[in-house]
Amino acid sequence: INGGSYKLNNINNGILGEVQNATIESTLSNLKIGRIHKNATMKDKNSKIWFYNFSENFKNLIFTGNYSNIYFFNDPDLNYNLTVYGLKNILKYLHKTVHVSGNTMKDKMFEKTAKTTSPSQGNITFTLTNCTFNYIKKQ
């Protein structure tokens, strides 16, 4: 997907190879995203979404979810900022499960900052309500 706005409803086993300069709204779907290039915005309700890879200079991913189940694969070779905000969520990180129940949508539940030894390649922001965020380290 390169550019434009898309609504994906009730997509079962959807595979998006690459996404850039696009806005996606999804509901009740099962989506696997191979690579985020640059400037992707997503809004979801009640879907399972896998984020596998990011290009070297992906710039931004902004995701807003409600009752979503997110699988985020961390790439140790990329230098980026990741912030997850939310209310009434579950965070699964390094085989540990943490229930996070903030008071507002602006409560930070997880953060990974870019290394200061090299320029940041982009920013990833998740704003979640009643979601599960699975942070998976790539080997």
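## Close-up views of a predicted model

**View 1. Lys-59 and its surroundings.** Lys-59 sits in strand 6, which covers residues 59–66. The model shown here and in the views that follow is a predicted one. How accessible is Lys-59? Its relative accessible area is 42%, so Lys-59 is classed as partly exposed. Setting aside neighbours up to four places along the sequence, Lys-59 contacts His-37, Lys-38 and Asn-39, and also Gln-121, Gly-122 and Asn-123. Ile-36 makes a handy reference point: 23 residues separate Ile-36 from Lys-59 along the chain, while their C-alpha atoms are 9.2 Å apart.

**View 2. Gln-121, a contact of Lys-59, in its loop.** Lys-59 and Gln-121 touch each other, and this view moves over to the glutamine. Gln-121 belongs to the loop that joins strand 11 (108–112) to strand 12 (122–129). Is Gln-121 buried or exposed? With a relative accessibility of 16%, Gln-121 falls under the 20% limit and is therefore counted as buried. Look next for the end of its side chain, which comes to 2.9 Å from the backbone oxygen of Glu-56. Beyond four places in sequence, the contacts of Gln-121 include the run Glu-56, Asn-57, Phe-58 and Lys-59. Asp-77, Leu-78 and Asn-79 are touched by Gln-121 as well.

**View 3. Phe-63, further along strand 6.** Phe-63 is another residue to find in strand 6. Phe-63 is buried, since its relative accessible area is 0%. Which residues surround Phe-63, once those within four places in sequence are left out? Met-42, Asp-44, Ile-49 and Phe-51 are among them, as are Ser-68 and Ile-70. The residues Thr-125, Phe-126, Thr-127 and Leu-128 are also in contact with Phe-63. For scale, the C-alpha atoms of Phe-63 and Phe-51 lie 11 Å apart, with these positions 12 residues apart in sequence.

**View 4. Ser-47 between strands 4 and 5.** Ser-47 is placed in the loop that links strand 4 (40–45) to strand 5 (48–54). Although Ser-47 is in a loop, its relative accessibility is 3%, so Ser-47 counts as buried. Which side chain does the side chain of Ser-47 meet in a polar contact? The partner is the side chain of Asp-44, at 2.6 Å. Not counting neighbours within four places, Ser-47 contacts Ser-26, Thr-27, Leu-28 and Ser-29. Tyr-67, Ser-68 and Asn-69 are in contact with Ser-47 too. Readers coming from the previous view will recognise Asp-44, which is also in contact with Phe-63.

**View 5. The salt bridge of Lys-108 and Glu-111.** The count of salt bridges in the model comes to 1. Its partners are the side chains of Lys-108 and Glu-111, with an N to O distance of 3.4 Å. How accessible are the two partners? Lys-108 has a relative accessibility of 47% and so counts as partly exposed. Glu-111, at 43%, is partly exposed as well.

**View 6. The largest pocket and its lining.** The volume of the largest pocket is about 160 Å³. Its lining is made up of 11 residues, and those nearest the centre are Leu-94, His-95, Tyr-135, Ile-136 and Lys-137. Three elements give two or more residues to this lining: strand 9 (89–93), strand 10 (96–100) and strand 13 (132–137). Which strand gives the most? Strand 13 does, supplying 4 residues. By residue type, the lining holds 4 nonpolar, 4 polar and 3 charged residues.

**View 7. Three loop residues to pick out.** Most residues other than glycine have a negative phi. Against that background, Lys-88 has a positive phi of about 60° without being a glycine. Lys-88 is found in the loop between strand 8 (81–87) and strand 9, and with a relative accessible area of 51% it is exposed. Asn-130, likewise not a glycine, has a positive phi of about 55°. The loop holding Asn-130 runs between strand 12 and strand 13, and Asn-130 is partly exposed at 26% relative accessible area. Finally, find Thr-117 in the loop between strand 11 and strand 12. Thr-117 has a relative accessible area of 73% and is therefore classed as exposed. From Thr-117 to Lys-138, 21 residues along the chain, the C-alpha separation is 21 Å.

Notes:
Residues numbered from 1 in each chain as written. Predicted model: local features only at pLDDT ≥ 70, side-chain atom pairs only at ≥ 80, totals over all residues. Heavy atoms only, no water. Salt bridge = Lys/Arg side-chain N within 4 Å of Asp/Glu carboxyl O. Buried < 20%, exposed > 50% of the residue type's maximum accessible area, 1.4 Å probe, protein only. Contact = heavy atoms within 4.5 Å. Polar contact = N/O pair within 3.5 Å; in protein donor to acceptor, adjacent residues only side chain to side chain. 1 Å grid on protein atoms, 1.4 Å probe; cavity = no way out; pocket = protein on both sides within 12 Å on 5 of 7 lines; lining within 4 Å. Points joined across faces, edges and corners; volume = space filled by probe spheres on them. Nonpolar A, V, L, I, M, F, W, Y, C, P; charged D, E, K, R; others polar.
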